[in-house]
Amino acid sequence: GIVLVAVNPYEQLPIYEQDVIYAYSGQNMGDMDPHIFAVAEEAYKQMARDEKNQSIIVSGESGAGKTVSAKYAMRFFATVGGSASDTNIEAKVLASSPIMEAIGNAKTTRNDNSSRFGKYIQIGFDKRYHIIGANMRTYLLEKSRVVFQAEDERNYHIFYQLCASASLPEFKELGLSKYLHLPV
């Protein structure tokens, strides 16, 4: 298969804009510079041509930009699939990301927002190759972090968010104060 090695520049670059998506759309692999959009275009074309499921595996170390690369691939599919403006599926799929990150991400010594679980995102297309939905599954959640954190690391973000929200009126309705051992 195709392998793309990407480097996280730790800053926003103008190489993921809408015009870049359109530049890669319809191109053959190798006609343009290596890019996540080139990989996404190749998968999209093979799906349409061969009518077979395609997979893009995004792998790397903590802080390498795996989640961001997956978001860019989804944005590409939503744009070329015609669903970016029609139903805004991409926005709906990506809207779940902060919730997933709060429950499954933690501060580590290498990354302040490190995913401590794997994600499998399955995007559904209709017969015209427009996005019609998506499922996100998690696996390999680092459960030991719940009861122990290494020095200079933290538990999952959700625990700190719950503690910071404990004084809000709507928090009392959840009945969680007794489990967090917080003042009522």
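**Reading the labels in this model**

Trainee: Why is V146 called partly exposed?

Mentor: V146 has a relative accessible area of 41%, and buried means under 20%, exposed over 50% and partly exposed in between, with a 1.4 Å probe and protein chains only, so the label of V146 follows. This is a predicted model, in which local features need pLDDT of at least 70 and side-chain atom pairs count only at pLDDT 80 or more, whereas totals for chains, interfaces and linings use all residues. Residues are numbered from 1 along each chain as its sequence is written, and side-chain values use heavy atoms, with hydrogens and water left out.

Trainee: Where is V146 found, and what makes V146, V147, F148, F159 and Y160 a patch?

Mentor: V146 is found in the loop between β4 (131-139) and α7 (157-165), where helices (H or I, at least four residues) and strands (E, at least two) are DSSP runs numbered from the N terminus. Patch residues have over 30% relative accessible area and no salt bridge, like charges being joined within 9 Å and nonpolar side chains (Val, Leu, Ile, Met, Phe, Trp, Tyr) within 5 Å. V146, at 41%, passes that accessibility limit, and the five residues V146, V147, F148, F159 and Y160 together have about 500 Å² of accessible area in this nonpolar surface patch, by the Shrake-Rupley method.

Trainee: What lies over the face of Y160?

Mentor: R154 does, at 3.7 Å from the ring centre, and a charge sits over a ring if NZ of Lys or CZ of Arg is within 6 Å of the ring centre and within 35 degrees of the ring normal. The distance for R154 is therefore inside the limit.

Trainee: How many aromatic pairs does the structure hold, and why is the pair of Y24 and F37 called edge-to-face?

Mentor: The structure holds eight aromatic pairs. The rings of Y24 and F37 have centres 6.5 Å apart and planes at 65°; rings of Phe, Tyr and Trp (its six-membered ring) pair if their centres lie within 6.5 Å, planes under 30 degrees apart counting as stacked, over 60 as edge-to-face and the rest as tilted, so Y24 and F37 are an edge-to-face pair. Because Y24 lies in helix α1 (residues 18-24) and F37 in helix α2 (residues 36-50), the pair ties together parts that are 13 residues apart in sequence. Both Y24 and F37 are buried.

Trainee: How do you know which label suits the rings of F76 and F77?

Mentor: Their centres are 6.2 Å apart and their planes at 75°, so this pair is edge-to-face. F76 counts as buried at 0% relative accessibility, and F77 counts as buried at 9%. Y16, Y24, F37, Y44, Y72, F76, F77 and F125 form one aromatic cluster.

Trainee: How far does helix α3 reach, and what is expected of its length?

Mentor: Helix α3 (residues 66-80) has 15 residues and reaches 21 Å from its first C-alpha to its last. The expected span is 1.5 Å times one less than the number of residues, and for α3 the expected value is 21 Å, to which the reach is close. The buried residues of α3 include Y72, F76 and F77.

Trainee: Why do R116 and E142 count as a salt bridge?

Mentor: Their side chains meet at 3.1 Å, N to O, and a salt bridge is a side-chain nitrogen of Lys or Arg within 4 Å of a carboxyl oxygen of Asp or Glu, so R116 and E142 qualify. R116 lies in the loop between β2 (114-115) and β3 (118-125) and E142 in the loop between β4 and α7, so this pair ties together parts that are 26 residues apart in sequence. E142 also bridges to R145, with the closest N and O atoms 2.7 Å apart, and E153 bridges to R145 at 2.9 Å. R116, E142, R145 and E153 are thus linked in a network of salt bridges.

Trainee: Is E142 buried or partly exposed, and is R145 buried or exposed?

Mentor: E142 is partly exposed, with a relative accessible area of 24%, whereas R145, with 4%, is buried.

Trainee: What makes the phi of E51 worth a remark?

Mentor: E51 has a positive phi of about 50° although it is not a glycine; E51 is placed in the loop between α2 and α3 and counts as exposed at 64% relative accessibility.

Terms used: Areas by Shrake-Rupley, 256 points an atom, 1.4 Å probe, with all protein chains shown as cover.
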